[in-house]
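The following exercises are to be worked with the sequence and the coordinates at hand. Each task is followed by a stepwise solution.

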Amino acid sequence: AACHCAPPANKPTREEIVACSGFLNETFAMTDWKAILCLGSIGWNETAKQLKPHPRPKFGHGAEFQIPDGPVLMGSYHPSQQNTFTGRLTEEMLDTVMQRFADLIS
């Protein structure tokens, strides 16, 4: 996770993201990843900063980007209540992304 807290208004500040960056660094150091599923644009952007792809891929639900000599980045809208209650992210949409992610890592 790029941010390990639930900040006010569900919008972490840059300082909160930086404060949590050590957790993300440790996660990336654990193994050679086949794929990384980024939940939300913050997760996507912070992962891209760590992996430094060129050009930097644009976030979107269902987006995929192959990092040269690295993992596939996958994007999904964050499964927050705000996104699920409004229909921005449906169960079917999340299931589709999760199935694709499972295919990539198997």
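**Exercise 1. Backbone outliers in the loops**

D69 is exposed, because its relative accessibility of 88% lies over the 50% cut-off. The model is a predicted one, and the task is to locate the residues with a positive phi and the cis peptide bond, and to describe their settings.

Solution.
1. Begin with the general expectation: most residues other than glycine have a negative phi, and most peptide bonds are trans.
2. D69, which is not a glycine, has a positive phi of about 55°. This residue belongs to the loop between β2 and β3.
3. K52, also a residue other than glycine, has a phi near 50°. It follows just after α2, in the loop between α2 and β2.
4. K52 is classed as exposed because its relative accessible area is 65%, over the cut-off of 50%.
5. The cis bond runs from H54 to P55, with omega near -5°. P55 is placed in the loop between α2 and β2.

**Exercise 2. The packing of helix α2**

Determine which residues of helix α2 are buried and which elements they pack against.

Solution.
1. Helix α2 spans residues 41-51.
2. Apply the criterion for burial, a relative accessible area under 20%. The residues of α2 that satisfy it are G43, W44, E46, T47 and A48.
3. Consider the spacing: an α-helix has 3.6 residues a turn, so residues three or four places apart point the same way.
4. Identify the partners. The buried residues of α2 pack against helix α1 and against the strands β1 (35-39), β2 (64-66) and β3 (72-76).

**Exercise 3. Two cysteines**

Are C20 and C38 buried or exposed, and how many disulfides does the structure hold?

Solution.
1. C20 has a relative accessibility of 10%, which means that this cysteine counts as buried.
2. C38 has a value of 2% and therefore counts as buried.
3. The number of disulfides in the structure is 0.

**Exercise 4. The largest pocket**

Describe the volume, the lining and the chemical character of the largest pocket.

Solution.
1. The volume of the largest pocket is about 870 Å³.
2. Its lining comprises 29 residues; L39, G40, I42, G43 and H78 lie nearest the centre.
3. At least two lining residues come from each of α1, β1, α2 and α3 (81-85).
4. Sorted by class, the lining has 16 nonpolar, 11 polar and 2 charged residues.

**Exercise 5. Residues of helices α3 and α4**

Compile the accessibility of Q82, N83 and M93, together with the contacts of N83 and M93.

Solution.
1. Q82 lies in helix α3 and is exposed because its relative accessible area is 53%. Its C-alpha atom is 17 Å from that of G43, a residue 39 positions away in sequence.
2. N83 is likewise part of helix α3. With a relative accessibility of 13%, N83 is therefore buried.
3. Beyond four places in sequence, N83 touches Y77, H78, R88 and L89.
4. M93 is in helix α4. Its relative accessibility is 25%, so M93 counts as partly exposed.
5. With neighbours within four places in sequence set aside, M93 is in contact with H61, Y77 and R88. Y77 and R88 thus appear among the contacts of both N83 and M93.
6. Between the C-alpha atoms of M93 and P55, 38 residues apart along the chain, the separation is 26 Å.

**Exercise 6. Confidence**

Where in the protein is confidence lowest, and where is it highest?

Solution.
1. The mean pLDDT of the protein is 91, with 99% of its residues at 70 or more.
2. Confidence is lowest in helix α1 (residues 14-29), where the mean is 86, and highest in helix α4 (residues 91-105), where it is 98.

Technical notes
Residues numbered from 1 in each chain as written. Predicted model: local features only at pLDDT ≥ 70, side-chain atom pairs only at ≥ 80, totals over all residues. Heavy atoms only, no water. pLDDT = per-residue confidence, 0-100. Helix = DSSP H or I, 4+ residues; strand = E, 2+ residues; numbered from the N terminus. Buried < 20%, exposed > 50% of the residue type's maximum accessible area, 1.4 Å probe, protein only. Contact = heavy atoms within 4.5 Å. Disulfide = S-S within 2.5 Å. 1 Å grid on protein atoms, 1.4 Å probe; cavity = no way out; pocket = protein on both sides within 12 Å on 5 of 7 lines; lining within 4 Å. Points joined across faces, edges and corners; volume = space filled by probe spheres on them. Nonpolar A, V, L, I, M, F, W, Y, C, P; charged D, E, K, R; others polar.
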